[in-house]
Amino acid sequence: MGKLQQHSGHSFGSRKYCGAAAYCDWLRLLINRTRISHSWRRGKIDILSNGEDCDIEQIDPKRTDPEYFVYECLNVEEVEKLLNESVEKLSTQLQITPSLAKVLLHETRWNTAEVIERYRNNASNLLVSARIKAAAPPSVPAATPPAPQQSSPVPSTSSAAAVATAAVSSSSSSSSSSTATCSFLASVPSCSVNSAIPGTSSSSSSSSSSSKAHPISSTTATTACCYRTQLCPVCVTVQSTDKFHALACQHSFCRDCWAMHFEIQIGQGISTQIECMEQRCDVRVPEDLVLTLLNRPMLRDKYQQFTFADYVKSHPELRFCPGPNCQTIIRSQDISPKKAVCRMCKTAFCFRCGTDYHAPTDCQIIRKWLTKCADDSETANYISAHTKDCPKCHICIEKNGGCNHMQCFNCKHDFCWMCLGDWKAHGSEYYECSRYKENPNIAHESVHAQAREALKKYLHYYERWENHSKSLQLEQQTLDRMRARINEKVMKGLGTWIDWQHLFDAATLLAKCRYTLQYTYPYAYYMESRKELFEYQQAQLEAEIENLSWKVERAETTDRGELENQMDIAEKRRTTLLKDFFPTEA
């Protein structure tokens, strides 16, 4: 009978790992030797160690990766569910209608705590600021009752509670007191409403209508109700009162005029901001009234799309994907200028401002820079030529690649495309070409000289900004040519796609680093403090990017280990710059 051999561990190479603790050591070694992808950093690793605890240190991705960003991509149905949950929560806590809760949340950028606090402190002021309730005229407090009782610590909350309770009721419930019952949606009472209240007095029956109709005596109010008419101040026609609708401000208009008003406003892209038709009245028209009076289904759908877009734009944690014809909505609790990538169309953008991702430049700075470029770009294009002469043999040279390391095809002279200096003089310690040397005596020069110096400074940064943008496009062409050549090699049996994957990784990293470098120039243009340190790191990054670009363009003849080493150096330079200067505060 043979002997049973027990293997207490797994052998990897020449080293044997035994038990869970040894497995943790091996895993730690593997992590240190492997570049951790962004998707891995966002996830979690659960290690089953048969009851033994692993002492792997918890790595905070926010410290190691300056671009770490947690977000999720949602569709329209998921966002509607999210918004409805907030509306139902507020409606339950304050005992108000969902329509009123939706308007209050939209007005306060979906800050539930702020709505609750303001509602309990002074609900009347909240409703006026949200344009749900009309502001009281200054002549109202002329006659005040003597010695009011202080029975409630917050007197405005009780009246506002009545407003919330009757938010979608008719104006018959709010006719007795316009200040205490300012309903969110009020319609002029019809005969069927008043006939249910036969025992009303003459004063109450005369004040129950918000229109300018002639008063009717109490004895004939019930019989003449169905024959009451009212003049619409818009179309100037006399119609039955049951065809009129009024808002909380008690301004009444006929149904056809309201419908025409809604159609015009929706045609202009206005939805949640539709106001009363009365001049100098900014009371908001409720969503329920708009949907009630819109007859065409297509117009109703358009209105609902506009209102949904307004709700998403007012929510601080939601952003529409800027991709063309993309309905994806990005959600994140971290309101910072980090890069979000849509999972559907793969569009990358800044989550805070919604424009193209622009690290390390801040949102306000990039907005100023793009505005300036739009004004001065024609001047820059006129001054900056697309071709340059070789500084040695003076033959005309056109740039056909992304790398700034140029080699003249005639005399083989190596020079820099930006400054036309000898490439060997750039060195590896400092990439002097990226720094702008200001005139120290410019403050004592004339106004004309200062303007010329300001233009010179702008052209320095704009030329490099535009150059890296064009380099990105040229390097994409280089990647396409590389893909075609590698495909040809694979078809001939000279390796597989996996064998050539490192070339695509290098090209992807090159585009990533150059994109960051492009947006360092707007940052440097407006920068005032710590500029020397920033320009030093910028120069280091640019030098490593040009070295990587040179190797990528000759990737098939470059040693793989040398190429991967250059990739690691360039990524470290980029990460170091972003850690020191990328604005991460929300």
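This is a dialogue between a learner and a teacher on reading features of a predicted model.

Me: Where should I start with helix H18, and what span should its residues have?

Reply: Start with the rise per residue. At 1.5 Å a residue, the 23 residues of helix H18 (residues 531-553) should span 33 Å. The end C-alpha atoms of H18 are 32 Å apart, which agrees with that expectation.

Me: Is H18 enclosed by the rest of the structure or exposed, and how many of its residues are buried?

Reply: A residue counts as buried under 20% relative accessible area. In H18, 17 of the 23 residues are buried, so the helix is largely enclosed by the rest of the structure.

Me: What does the same reading give for H16?

Reply: H16 has 18 residues, and from its first C-alpha to its last it reaches 26 Å, close to the 26 Å expected at 1.5 Å a residue. Its buried residues include Leu503, Phe504, Cys513 and Arg514.

Me: Arg514 carries a charged side chain in my textbook. Which residue does Arg514 form a salt bridge with?

Reply: For a salt bridge, look for a side-chain nitrogen of Lys or Arg within 4 Å of a carboxyl oxygen of Asp or Glu. By this rule the structure has 19 salt bridges. In one of them Arg514 pairs with Glu475, and the closest N and O atoms are 2.9 Å apart. This pair links distant parts of the chain, since Arg514 is in helix H16 and Glu475 is in helix H15, 39 residues apart. Arg514 is buried, with a relative accessible area of 0%. Glu475 also counts as buried, because its relative accessibility is 9%.

Me: Where do Lys492 and Glu488 stand, buried or exposed?

Reply: Their side chains meet in a salt bridge of 3.3 Å, N to O. Lys492 is exposed, with a relative accessible area of 60%, whereas Glu488 is partly exposed at 44%.

Me: How many residues apart are Arg574 and Glu571?

Reply: They are 3 residues apart, about one turn of the helix, and both lie in helix H19 (residues 560-581). Arg574 and Glu571 form a salt bridge in which the closest N and O atoms are 3.3 Å apart. Arg574 counts as buried at 2% relative accessibility, and Glu571 as partly exposed at 23%. Salt bridges that share partners join Glu67, Glu571 and Arg574 into one network.

Me: What describes a pair of aromatic rings?

Reply: Two values do: the distance of the centres and the angle of the planes. The structure holds 21 aromatic pairs. Trp465 and Tyr519 form one that is edge-to-face, with 5.1 Å centre to centre and 90 degrees between the planes. The two residues are 54 residues apart in the chain: Trp465 is in helix H15 (residues 447-491), and Tyr519 is in the loop between helix H16 (501-518) and helix H17 (520-526). Both Trp465 and Tyr519 are buried. Ring pairs also link them into a cluster whose members include Trp369, Tyr458 and Tyr515.

Me: Which residue does the side chain of Ser99 join in a polar contact?

Reply: The partner is Asp288, and the contact between the two side chains is 2.8 Å. Ser99 is found in helix H5 (residues 98-107). Ser99 is buried, with a relative accessible area of 19%, and the cut-off for buried is under 20%.

Me: What is usual for phi and for peptide bonds?

Reply: Most residues other than glycine have a negative phi, and most peptide bonds are trans. In this structure, phi of Val236 is near 55 degrees, a positive value. Val236 lies in the loop between S5 and strand S6 (238-240). Asn325 has a positive phi of about 55 degrees and is not a glycine. Asn325 is in the loop between strand S9 (318-320) and strand S10 (329-331), and is exposed at 80% relative accessible area. As for peptide bonds, a cis one joins Ala359 and Pro360, with omega about 5 degrees. Pro360 is in the loop between strand S12 (348-350) and helix H13 (363-383).

Me: Which residues form a nonpolar patch on the surface?

Reply: Leu231, Val236 and Val238 form it, with about 300 Å² of accessible area together. Leu231 is in strand S5 (residues 229-231) and is partly exposed at 48% relative accessible area. Val236 is exposed at 58%.

Notes:
Residues are numbered from 1 along each chain as its sequence is written. This is a predicted model: local features need pLDDT of at least 70, side-chain atom pairs count only at pLDDT 80 or more; totals for chains, interfaces and linings use all residues. Side-chain values use heavy atoms; hydrogens and water are left out. Patches are made of residues with over 30% relative accessible area and no salt bridge: like charges are joined within 9 Å, nonpolar side chains (Val, Leu, Ile, Met, Phe, Trp, Tyr) within 5 Å. Accessible areas come from the Shrake-Rupley method with a 1.4 Å probe; for residues, only the protein chains shown count as cover. Helices (H or I, at least four residues) and strands (E, at least two) are DSSP runs, numbered from the N terminus. Buried means under 20% relative accessible area, exposed over 50%, partly exposed in between (1.4 Å probe, protein chains only). A polar contact is a pair of N or O atoms within 3.5 Å; within protein, one must be able to donate a hydrogen and the other to accept it, and residues adjacent in sequence count only if both atoms are side-chain atoms. The expected span of a helix is 1.5 Å times one less than its number of residues. Rings of Phe, Tyr and Trp (its six-membered ring) pair if their centres lie within 6.5 Å; planes under 30 degrees apart count as stacked, over 60 as edge-to-face and the rest as tilted.
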